[in-house]
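Q: I am new to this structure and would like a close look at a single part. Please walk me through the cysteines, and then what lies around them in the fold.

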Amino acid sequence: MKPKLIAPILLFAAVHLSATGEEVPGNVSGYVDPFIGTTNFGTTNPGAVCPNGLMSVSPFNVMGSSLNVWDKDSRWWSTPYAFENKFFTGYSHVNLSGVGCPELGALLTMPVSGPLQVDYHIYGSEYSDEHAEPGYYTNLLSAYGIRTEVTATMRTSAERYTFPAGESHILLNLGEGLTNETGAMVRKVSDTEIEGMRLLGTFCYNPQAVFPIYFVMRVNKAPKACGFWKKQRVMTGVEAEWTPDNGKYKLYTRYGRELAGDDIGYWFSFDTEEGEQIEVQMGVSFVSVENARENLDAEQSGFEFDAVRARAAARWEQDLSKIKVYGGTQEQKTVFYTGLYHALIHPNILNDVNGEYPLMENEGVGKVPAGQNRYTVFSLWDTYRNLHQLMTLLYPERQLDMVRSMIGIYEEWGWMPKWELYGRETFTMEGDPAIPVIADTWFKGLKDFDIETAYQAFIKSATTPGAQNRMRPDVDPYIERGYIPLGVFAADLSGDNAVSHALEYYIADHALSLLADSLGHKEDAARFKAASLGYKHYYCPEYGTLRPLMMDGSFYSPFNPRQGENFETAPGFHEGSAWNYTFYVPHDVPGLAKLMGGKKKFVDKLQMVFDEGLYDPANEPDIAYPYLFSYFKGEEWRTQKTVKMLLDRYYRPEPDGIPGNDDTGTMSAWAVFSMMGFYPDCPGEPHYTLTAPVFDRIEIALDPEYAGTGSLVIEKKGDGYIKGVTLGGKPFRGFRIGHHEMLGGGHIVFDCR
């Protein structure tokens, strides 16, 4: 069954005519399809969330019925929802979007009717009549005839369940979820309120990266009965062994204080009339139960589901309408605005309404200054490439808070984040990705943060010996030799990723050299510029690719540059082959071309990557490959052709319309930039490479305080290759443009006739 993607009134966004007779989009949120990316391992979900909000409420359907028991590690179950599944076991609260490891997705609320049952294998239900839009999701539970609806504020949920006549229940399951951690506690506060906590963590199998989530849950009707449940051990003899599969659930009907354990929950029972609605609220905090309650009291005044839904919709409309597009097809607008929507989910706020948040890798509690936010979910190996550049352009105040959050993490922990999650470092992927993010932000004019402290952090990670270096544990041979040989360091189960590590350090050191130069540290600038060119050690003329090196400096053998396709392990490379990494030297494209024998050989080899299917649209190191053609005069048309081909092939208004993990918005940000006609292909450099935009006209609302202007207008005339470009009414030469130059021009026109 194909879901109702959006209500009809929203599916075709409202329009009116401007004074020039052009069609002007009204409610741009109506183009968003939250089901895009919910299969094909996109790992997005259609649940309710506010822009960069802490709370998200997602339908949870990755646990099977008793005939199809769920295994959360099968088929990358790192998301609470998969489009192809139809067995609903509740709504999970606080979820990750577009990631490749299971985590969070806990605190499951579930409405049921009939006799009370607390085993999810039994109480789960198939569903129909799905409907989703920004800030809202609903479905109809087939087993019960219950209509479920959810929406969210920044830190709380609002849920509404429409019941049939008879015996009805609302369950809170604290045992299940996506996290690999176990353990929870729940306490009865009153007949209509409970509070507690759930342990989360071990993202990507880091056993020490655990953290608690605290909650307060309320219902708006006094139940006829309520109580706890717990999965008990069933012993058939003294020597009998217990496993989770042979446990039985015990209901506590005469006990009303608190309960703790691994497989526990709480139930509310009601007598309902036909069509009676019961509302649920949940506030969460990563600091304390008291803060969870304060968040709930501050963000919801009583039970007002429709008002909460309206406020969430208004937040999304305000953020999404920063960009207005004209022309293009309905499908292209859906892809574009859904991409922007997904790019606005992470990073998300961490602090409570009182400003408190858990300190990084620390048992204490911090507090942000009034008017600022602390952010979390820094999936930086992904987002440093394009998402933060999008935030800088469209939402500079948020980007500044994200940078301040990174610096705060350094001050609290001693290192910048790599892949931070709710105050814990997961050490996922490689590199030193905070450097290009913060350098890029600084160069684009957002400077209201402590750059000297950031610079101190960068120098520390770039120079501290490996034995003491949490960011670059294999830095010693990198400094001594200019490369990392195989056999020095393997961070996780993916194997020895020496070349991938080094390439990330080269990018970081390039950005650091630019920043050092701008801050007057000339010796540092020269040192790190030289370090950034160490990629040349890996170039192998025999294969024309980068190739791993051994301890003695010889090339690794036997070598197959295609090994690593389809996520098989390849020595030296992480989640890819040599072809996914060889061109990932965006800071020295001319130098790489020289190694390859000149422009023609570079271009031919890069074209071969696309022609022979060696390009992976879901793998970050090569997502900027299409833009590298434009570094060479006369080859810019290849960028335009390839970008269009990739958009048409991999980005579609369908559940599988994202090419693999969205990676906390990174793949979506690629589409947003590419459809607008410019892309930041070298992280840390304040420049973009131009391509033909998808739409006839794009109007971008900017913050004059940071951009120096209130808007940027992009126009396209015709649908062919770019014949010429004007900026501010004057001819523009070339296809690479500076950030300030572009914004200062105010109006770009692409002549594609």
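Is cysteine 204 buried, partly exposed or exposed, and what is its relative accessible area?

A: This is a predicted model, so every value here is computed from predicted atoms. Cysteine 204 is partly exposed. Its relative accessible area is 23%. The cut-off for buried is under 20%, and exposed starts over 50%, so 23% falls in between.

Now take the partner. Cysteine 204 is joined to cysteine 101 by a disulfide, with an S to S distance of 1.9 Å. The cut-off for such a pair is within 2.5 Å. In general, a disulfide is a covalent bond between the sulfur atoms of two cysteines. The count for this model is 1 disulfide. The link of cysteine 101 and cysteine 204 is right-handed, with 90° about the S-S bond.

Where do the two ends sit? The disulfide links distant parts of the chain, 103 residues apart. Cysteine 101 lies in the loop between strand E6 (91–93) and strand E7 (106–113). Cysteine 204 lies in the loop between strand E14 (193–201) and strand E15 (210–219).

The two ends also fall into separate classes of accessibility. Cysteine 101 has 10% relative accessibility, so it counts as buried. Cysteine 204, at 23%, is partly exposed.

Two further cysteines can be placed on the scale. Cysteine 226 has a relative accessible area of 15%, so it is buried. Cysteine 682 is at 1% relative accessibility, so it counts as buried too.

Back to the strands beside cysteine 101. E6 and E7 belong to an open sheet of 8 strands. The order is E3-E4-E6-E7-E12-E19-E16-E17, and the pairing is antiparallel. In that order, E7 stands between E6 and E12. Strand E3 (48–49) and strand E17 (248–252) stand at the edges. Each has a single partner strand, so one side of each is left without a neighbour in the sheet.

Look at E7 once more. E7 pairs with strand E12 (residues 166–173) over 6 bridges, in the antiparallel sense. Serine 113 is one of the residues involved: its bridge partner in E12 is serine 168.

So the picture starts from one link. The disulfide ties cysteine 101, in the loop between E6 and E7, to cysteine 204, in the loop between E14 and E15. From the loop of cysteine 101, the trail leads to E7 and on to its antiparallel partner E12.

Technical notes. Residues numbered from 1 in each chain as written. Predicted model: local features only at pLDDT ≥ 70, side-chain atom pairs only at ≥ 80, totals over all residues. Heavy atoms only, no water. Helix = DSSP H or I, 4+ residues; strand = E, 2+ residues; numbered from the N terminus. Buried < 20%, exposed > 50% of the residue type's maximum accessible area, 1.4 Å probe, protein only. Pairing = 2+ DSSP bridges.
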